[in-house]
Amino acid sequence: MPPAVDLQGIVSAFVVAAITIAATLLGLYYATIGVIASTIYRSVSGDVRDLFIRERSSETYLKIVILTIAGGITILVAGTLGHNVAGLTLVVLGLFAAFTCIGLVGVTKRLFDYFDPSKLSAPLLKQIGVGIQLATNGKTRALPRRQSEARYETHRALASFRNLVDMVSDKELRNAQGPVALTQQLLAIVRAYSSQKHKIPTDSNWWDRVPKHQNWLTIDQTRLQMALNTSVGSPPELQPDYLWLENKIARLLSKSLTIAFQSQGGANALNMSEAAANVLADLTARLQIDEALAIEAAWDKVVLEVTTTSKVAAVDADDYEVRLNQMAAAESLVLPLTQMVLGLASAANRIIKRDLSAEFDAALLDPDERYRGHLPTATRQMLETFSLAIRREHKIEGRRTTPRWWIDHLAARSMAEALLATEDGVLGEVQRRTIGQVTHFQEADRPDLAAVTGMASLELLHKIEFHEPSIRKAEEKLASFRNLNTSIGNWPERQQLTISPTEEHTAMLGKLSELLPALRTTKFDPREPDLYGQLYQFVVDGAFRSIIAGDHTRGLAMYSAALQEMEPARLRIAADLERQEQRVRTIYAVEPIITAMDLAGYAMLMYELDDNGIWPQIKLLWDDMLTNYSEIAEFLLAAAEFVDGTFALTVGGIERSRRSIEMGRVFEERNIGQDETHSWDFDNAEKLPHPSPIVSALAPRGYGIQDDLYVLFIVEYLKDYLPEDAALGHKAKMLANQVARYRENENHESKSAGGEG
C-alpha cells in the first residue's frame with residue numbers, strides 16, 4: 001500500500017542516516033588512534049604498542065558503534081527482503097545512534113589521555129593481580145605448570161611496566177603526573193603482594209631460581225675430594241629467589257621516582273612518602289625485612305639526590321615553596337624508618353598474642369593453615385619439610401613419632417631469628433639515617449634540612465625506646481619454647497641493642513644545638529616552619545634532662561647553646577609580638593632570660609647534690625658575660641621581679657613547674673625530703689635533709705620543690721654582681737633566709753667539731 005511504501009522509505013532513510021553517522025564516527029575513532037599510534041607509539045616496543053591497540057579495541061564505545069552499523073545493515077537487508085521491522089527495533093537503533101554521537105565527547109577525551117603512556121598500565125595491574133592470585137590460590141599453588149604460568153605472565157607485565165617507565169622518561173612525552181601515577185601503582189602492587197605472599201609454597205615455581213655457589217674454604221670433604229680427583233669445579237645449586245618481584249619493582253620505583261622529580265612533579269612525588277612509608281610498615285609487620293629494605297633503599301636514594309635541588313617543586317615555584325618541599329623531602333628520608341619501627345612493634349605485639357604452638361601444629365597437618373598465618377618464609381619452609389616427614393611417619397609407623405616440643409623449639413627459633421633480623425635491619429638503617437644524615441646536610445650548608453631531619457629523627461628514636469619493651473617481650477615469648485633437650489643450640493638472643501635510643505636521642509639534641517645560630521630569624525614567617533623556635537625549645541629541654549641525668553658533656557653543650565640564644569630569642573619574640581600591648585610582649589620576651597637562669601640554678605643544685613657537675617663551667621660563662629656587661633645583672637633581676645609579680649599562666653611558667661616535678665622525682669629517688677608537718681631541729685645535723693645547705697633549703701616538703709630555680713641562681717650567684725642596695729624580691733629573700741639558716745647550722749657544726757678536736 002502507498003502509506004506502507006512511504007513508511008518503508010522513511011525507515012530506510014533513518015537507518016541509512018544511523019549507519020552513516022556510526023561509520024563516520026568509527027572512521028574518526030580509528031583516525032585518532034592512528035594519529036596517536038603514529039606519533040606517540042611509533043618507536044615503542046611491540047608489547048606496549050600491542051597493549052595500546054588491545055586496550056583501544058576493547059573500548060565499550062567502539063563495540064556500540066560497530067553494533068549500530070551491523071544492526072542498521074541488518075534492518076536494511078530485512079526490509080529489502082520484504083520483512084517488517086518492529087518499532088522497538090528502530091527505537092533501540094535510534095538510541096544506539098544517539099549514544100554514538102553523545103559518547104564521542106567522552107571517548108575522544110579518553111583517547112587524548114593516551115598521549116600519556118601511563119594510562120596504559122591498568123591492564124598490566126590486572127595481569128599481575130591474576131598472576132599473584134594463581135600463585136596464592138589453594139587450588140593452583142600446588143600445580144607447578146600453573147605456578148610457572150603465573151610467574152611468566154607477571155614477568156611479562158613487569159617488563160611492559162618497565163617499557164612504560166622508559167616511555168615517560170622521554171622529554172617529548174614527559175609530564176609530572178605520568179611517573180607519579182606509575183609509582184603509586186607499583187607501591188600498590190607491593191602492598192597487595194605482601195599481604196598474600198605467605199600463601200605461596202617455598203618450593204613453588206612462582207619463585208625465580210638463582211645460583212648459589214659453593215664456598216671453597218668451607219666446602220665439605222666429599223665434594224672437595226671429588227673436585228680434586230676429577231679436576232672439575234663444584235656446580236652452583238639453584239635456589240628460590242624470594243625477593244625477585246620486590247627487587248624488580250624497587251628498580252622500577254627508583255626510575256619512576258627519578259623521572260617524577262625531573263618532570264617537576266616534586267610536590268606530588270613527595271606526597272607519596274606516606275604511602276611508601278605505610279607499605280614499608282606493612283612489610284616490616286610481616287617480618288619481610290629484606291623486601292622492606294629493598295623498597296626503602298630505592299626511595300632513599302632518589303629523594304636524597306633531589307633534596308637540595310629545585311626539582312622538588314614546580315619550575316615557577318616561589319623560593320619559600322622550594323624550601324618547604326626540600327624540608328618535606330628531608331623529613332621523608334626518616335618517615336619510612338619511623339613507620340618500619342611501628343611495623344616491627346606490630347609484629348612483636350602479634351607474636352605476644354598468638355597461640356604459636358597451636359599454629360605450628362595446625363600448619364603441619366593442614367596446608368591451608370600453613371599458608372593462612374603470617375609466618376616468616378624460613379619458618380614456612382621448615383614446617384613444609386616437617387609436614388612431609390610426619391606424613392612419612394604415619395605411612396611407615398602408623399603414628400607420629402616426632403615430639404611436639406621439638407617442632408615448637410625449631411619453629412620458634414626460626415621466628416626468633418626472623419624477628420631479630422628485622423630489628424637489626426631497621427636499627428642498622430637508623431644508625432645511618434640519624435646523626436649521619438644531619439651531618440651531611442650541615443656540611444652542605446643546609447642547616448634547615450639538618451634541623452628537619454634531626455627533629456624527625458628524635459621522633460624515630462622516641463618510638464624505638466617506647467616500643468622496645470614489646471619487642472623484648474616477644475623475644476621472651478619465643479624463647480619460652482626453647483627446650484634444652486635438643487642438641488641444636490645457639491638460640492638467637494639479643495645481648496644489647498645495636499643503638500641506645502636514649503643515648504642517640506641525647507646525642508642528636510647535642511648535634512642539633514650546633515645549628516641554632518644558623519637558624520636565627522628576625523621574625524617568624526607563618527608560611528614556613530619555625531625551625532629556630534622549635535629547635536630552641538628542644539635544646540632547652542635537652543639541656544635540662546642532661547643536667548639532671550649527669551650527662552656533663554652534652555648538658556654543657558646544650559646549655560651553652562641556650563645561653564647563647566638568650567638575647568636573639570628575646571629579640572625574636574619581641575618582633576613577633578610587636579602588635580601586642582607592652583605587657584604581653586614583656587611576659588613572653590623575658591622567658592629566654594628566665595630559662596637561662598633557671599637551668600643554671602638546676603646545674604648549681606645538681607653540683608651540690610653530687611659534688612660534681614657542670615656548674616663551675618656554667619659559672620665561667622656567666623662570669624665572662626657579667627664582667628664585660630655589668631649592666632646585665634640588674635636587667636636579669638628586673639626580669640625576675642617582673643615574672644614574680646605577674647599572675648599569668650604562661651608556657652614558660654608551666655615548663656618551670658614541669659622541671660620542678662622532674663627534680664622532685666630525683667629527690668625522691670635519693671630519699672631526700674622534709675617533713676612538712678614538723679620544723680627541723682637545726683641543732684641535730686643528722687636529721688637534716690642533706691649536708692649541703694642549698695639542697696636542704698630546696699628539699700621537697702611533701703608536694704615537691706616549691707621554688708623556681710632561677711631564684712636560686714639570683715640568691716647564690718647573681719647577687720654578687722648587684723649593687724648592695726638592690727632589692728632581691730620576696731621569693732629570693734625567703735630562699736636566701738632558708739639557705740642562710742642551714743649554712744649557719746653547718747658553720748656551727750664545723751666549729752663544734754673543731755673544738756672537740
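Which residues of H13 are buried? They are Val322, Asn325, Gln326, Met327, Ala329, Ala330 and Ser332. The model behind this answer is predicted.

## The whole protein

The protein holds 33 helices and 2 strands. It has 757 residues, and buried ones make up 47% of them. Take the contacts between residues at least 6 apart in sequence: 79% of these join residues at least 24 apart.

Mean pLDDT is 82 for the protein. Of its residues, 80% reach 70 or more. Residues 1-5 are another matter. There pLDDT stays under 50, and the model has 0 contacts for them beyond four places in sequence. Where pLDDT is low, predicted coordinates should not be read in detail.

## Two helices checked for length

Helix H13 covers residues 319-332. Its 14 residues, at 1.5 Å a residue, should span 20 Å. The end C-alpha atoms are 20 Å apart, so the span agrees with the expected value.

Helix H20 runs over residues 447-479. Its 33 residues should span 48 Å at 1.5 Å a residue. The end C-alpha atoms of H20 are 46 Å apart, which agrees. H20 also has a kink of about 40° at histidine 467. The kink comes shortly before proline 469.

Serine 470 lies in H20 too. Leaving out residues up to four places away in sequence, serine 470 touches Ala348, Asn349 and Ile352. Serine 470 and alanine 347 are 123 residues apart in sequence. Their C-alpha atoms are 9.5 Å apart in space.

## The nonpolar cores

The largest nonpolar core has 149 residues. Which of them touch the most other members? Trp206, Met597 and Trp622 do. H27 gives the most to this core, with 12 residues. Another core lies apart from it. That one has 26 residues, among them Leu287, Leu364, Phe386 and Ala411.

Methionine 597 has a long list of partners beyond four places in sequence. They are Trp622, Leu636, Ala640, Leu709, Tyr710, Phe713, Ile714 and Leu718.

## Methionine 566

Methionine 566 lies in helix H25, residues 566-576. Is methionine 566 buried or exposed? Its relative accessibility is 7%, so it counts as buried. The cut-off for buried is under 20%.

Beyond four places in sequence, methionine 566 touches Pro592, Ile593, Ala596, Trp622 and Met625. Trp622 is also a contact of methionine 597. Methionine 566 and proline 592 are 26 residues apart in sequence, while their C-alpha atoms are 5.1 Å apart.

## Buried charged-type side chains

Aspartate 300 sits in helix H12, residues 289-306. It has a relative accessible area of 7%, so aspartate 300 is buried. Leaving aside neighbours within four places in sequence, aspartate 300 is in contact with Leu333, Arg432 and Arg433. The C-alpha atoms of aspartate 300 and proline 336 are separated by 9.0 Å. Along the chain, these two are 36 residues apart.

Lysine 511 belongs to helix H21, residues 501-513. At 18% relative accessibility, lysine 511 counts as buried. Lysine 511 touches Val438, Thr439 and Gln442, not counting residues up to four places away in sequence. With glutamine 442 there is a polar contact, side chain to side chain, at 3.4 Å.

## Two aspartates with positive phi

Most residues other than glycine have a negative phi. Aspartate 445 has a positive value, near 60°. Where is aspartate 445 placed? It is in the loop between helix H19 (435-443) and helix H20. Its relative accessible area is 62%, so aspartate 445 is exposed.

Aspartate 611 also has a positive phi, near 55°. It lies in the loop between helix H27 (591-610) and helix H28 (615-628). At 64% relative accessibility, aspartate 611 counts as exposed.

Definitions and conventions
Residues numbered from 1 in each chain as written. Heavy atoms only, no water. Helix = DSSP H or I, 4+ residues; strand = E, 2+ residues; numbered from the N terminus. Buried < 20%, exposed > 50% of the residue type's maximum accessible area, 1.4 Å probe, protein only. Core = buried A, V, L, I, M, F, W, Y, C linked by side-chain atoms within 4.5 Å. Contact = heavy atoms within 4.5 Å. Polar contact = N/O pair within 3.5 Å; in protein donor to acceptor, adjacent residues only side chain to side chain. Expected span 1.5 Å × (residues − 1). Bend = angle between axes of the 7 residues up to and from the residue. pLDDT = per-residue confidence, 0-100.
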